[in-house]
Amino acid sequence: MTRQRLPSHAGYLVVGAGMHGMSTAWHLAMALERTGRGRAADVMLLDKTGPGAGATGIACGCVRNLYMTSPLHAILRHSVDVWESDPVNLGFQQVGYVSVGEANQQADYEKIHASQNAVGYASDLYVGGEAKAFLKRLWPDFNTERADVVLHEKPSGYAGTHAAVRGLTEKLDHWGVRQVYGVAVTGYDTTGGRVTAVRTDEGEIKADCVVICAGAWAPRHWQWLGRPATLDLHYADGGVTRGQDMWTFWRLLEGEVYLNGTAYRTADGRDPPVLHVELMGTPVVTEDGRAFLDKHFYTYVRYAAERVGAPGVQGGTIPIRLGPEAVLEPYGHANDLYQADDWFADYYCATLAYLMERFKGCRQRFRQRRNGGIGAFTPDNVPIFDWVADNAYLIADSNHGYKMIGVGKLVAEHLVTGRKIPELEPFAFGRYAEGRTFGERNSNCPWV
Ligand SMILES: Cc1cc2nc3c(=O)[nH]c(=O)nc-3n(C[C@H](O)[C@H](O)[C@H](O)COP(=O)(O)OP(=O)(O)OC[C@H]3O[C@@H](n4cnc5c(N)ncnc54)[C@H](O)[C@@H]3O)c2cc1C
């Protein structure tokens with residue numbers, strides 16, 4: 001395993017060893033060797049802490065494609081290709097993903113279903129009685145009263161974060177990517193639109209190409225590059241929102257529940273699909289009758305023994321908007337400011353108990369531990385994949401993107417061959433000025 005100190009030059013300098021930095025560095029190494037345009041050793045991955053120190057190390061790991069933003073469907077197709085390329089080492093469990101909504105979401109689900117299948121992402125749509133019957137076949141104790149529409153994504157699933165980070169580290173080691181950890185970027189020197197040097201707390205490094213994959217720290221790198229803190233958003237219908245913050249932090253609420261002997265398996269004994277339920281017209285009420293009047297019914301759950309450390313499930317709900325500033329250090333579970341609120345355990349267990357008989361009384365089994373984390377969202381809550389200087393590329397996934405392991409593959413192809421990648425084009429920064437700001441939503445949640 002290579003853990004080197006800082007050299008003075010790198011061909012490709014990838015900043016940030018999260019999902020995107022690790023995937024990009026791995027795919028850059030492979031693309032350089034494959035095309036003969038360079039060597040894997042031309043790639044250097046740098047992180048101020050180490051692999052998985054950001055959101056990638058604490059994500060729930062759900063891999064889904066339930067987005068109203070249709071161009072994301074092709075991004076997920078590529079991502080599942082990467083997950084499927086080595087599911088064992090990357091920890092990918094291809095159990096599928098089942099989303100449940102009320103009748104008001106039917107038209108949106110139909111659109112998503114058509115778009116997913118058009119790009120080769122196989123999903124089935126069930127409506128009315130068929131939706132209820134489908135859920136009962138999987139989970140016989142499912143409360144289907146308000147379940148009017150169901151989308152079943154077959155290639156989706158989940159990937160445990162520890163396995164994925166370890167698997168990606170092995171790929172980097174295997175290809176001989178140089179990895180420098182414990183060194184922080186502190187700024188960028190730019191001249192004539194190019195990054196001429198990357199400043200770090202161990203001196204400067206020059207690079208032919210810089211790829212910035214800084215997760216929740218992206219706003220800081222954006223500022224160092226001299227980019228604007230606010231902007232106008234132009235939409236396809238001619239509408240304009242002026243002076244929008246470039247970055248908004250949101251705080252994610254997640255938690256775990258021990259099973260303690262309760263079988264969380266499908267009727268035929270399998271690891272169930274990840275379950276996602278948004279019921280816009282249904283309140284969340286605890287088993288002893290306390291209603292969450294100011295909250296929407298939005299929940300997701302997956303089997304998560306690898307995370308809980310015992311048979312258990314993990315999931316969460318809609319994140320909470322913080323605004324354009326947030327305390328980033330320490331990140332994740334270590335930060336007292338960003339733990340799930342006291343109400344979360346009651347809320348989350350109430351949603352599970354409402355959905356399945358087997359989860360009745362599960363509040364007693366909620367696991368008290370540190371959880372949650374924050375993310376930096378873009379103005380339309382959709383990723384930005386684009387050049388931010390003539391030789392610097394930004395992957396800012398708007399906190400969507402543990403699942404998007406394929407972005408690194410597409411970006412690496414673009415960087416090495418110079419070829420335009422049509423799947424990445426809709427996510428260019430220029431969309432905000434050019435009337436292509438994303439805006440379709442079918443959800444109370446910002447991930448659209
Ligand atoms: C609690 C939680 C649950 C989530 N659940 C899911 C989920 O179920 N499914 C899903 O798809 N997504 C999920 N996400 C979102 C997903 O985890 C992120 O979108 C994704 O992991 C971001 O990857 P990244 O590589 O962009 O950033 P990160 O993983 O945050 O990595 C960025 C890295 O950059 C490094 N870095 C930053 N600044 C510097 C600097 N100046 N110098 C050197 N290094 C630097 C950091 O140390 C860090 O390691 C979740 C996020 C959270 C917080």
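This passage describes two open sheets, a hairpin and the surroundings of the ligand in a predicted model.

Strands of a sheet pair through backbone hydrogen bonds, in either the parallel or the antiparallel sense. One open sheet in the model consists of 3 strands, arranged in the order S20-S15-S21 with antiparallel pairing. Its edges are formed by strand S20 (320-323) and strand S21 (373-377), each of which pairs on one side only. From one strand to the next, the twist averages 30 degrees. Strand S15 (residues 248-252) is joined to S20 by 3 bridges, and these two strands run antiparallel. Within this part of the sheet, Arg 251 stands opposite Ile 320 of S20.

A further open sheet, also described by antiparallel pairing, has 3 strands in the order S3-S8-S4. Strand S3 (62-63) and strand S4 (92-93) occupy the edges and have a single partner strand each, so one side of each is left without a neighbour in the sheet. The antiparallel pairing of S4 with strand S8 (residues 157-159) extends over 2 bridges. In this pairing, Ala 159 in S8 is the bridge partner of Phe 92.

Antiparallel pairing is likewise found between strand S10 (residues 185-191) and strand S11 (residues 194-200), which are linked over 6 bridges. Here Thr 191 stands opposite Arg 194 in S11. S10 and S11 form a hairpin with 2 residues between the strands, and in this hairpin Gly 192 adopts a positive phi near 55 degrees. As a general feature of regular strands, the side chains alternate between the two faces of the sheet.

The environment of the ligand was examined next. The ligand is surrounded by 38 residues, of which the closest are Gly 16, Gly 18, Gly 54, Gly 215 and Gly 373. Two or more residues of this shell are contributed by each of helix H1 (19-35), strand S2 (43-47) and S21. The largest share, 3 residues, comes from H1. S21 therefore appears in two settings, as an edge strand of the sheet and as a contributor to the shell around the ligand. When the shell is divided by class, 18 residues are nonpolar, 15 are polar and 5 are charged.

Definitions and conventions: Residues numbered from 1 in each chain as written. Predicted model: local features only at pLDDT ≥ 70, side-chain atom pairs only at ≥ 80, totals over all residues. Pairing = 2+ DSSP bridges. Helix = DSSP H or I, 4+ residues; strand = E, 2+ residues; numbered from the N terminus. Axes fitted to C-alpha atoms, helices over the stretch in contact; angles between N-to-C directions. Near = placed C-beta within 6 Å. Nonpolar A, V, L, I, M, F, W, Y, C, P; charged D, E, K, R; others polar.
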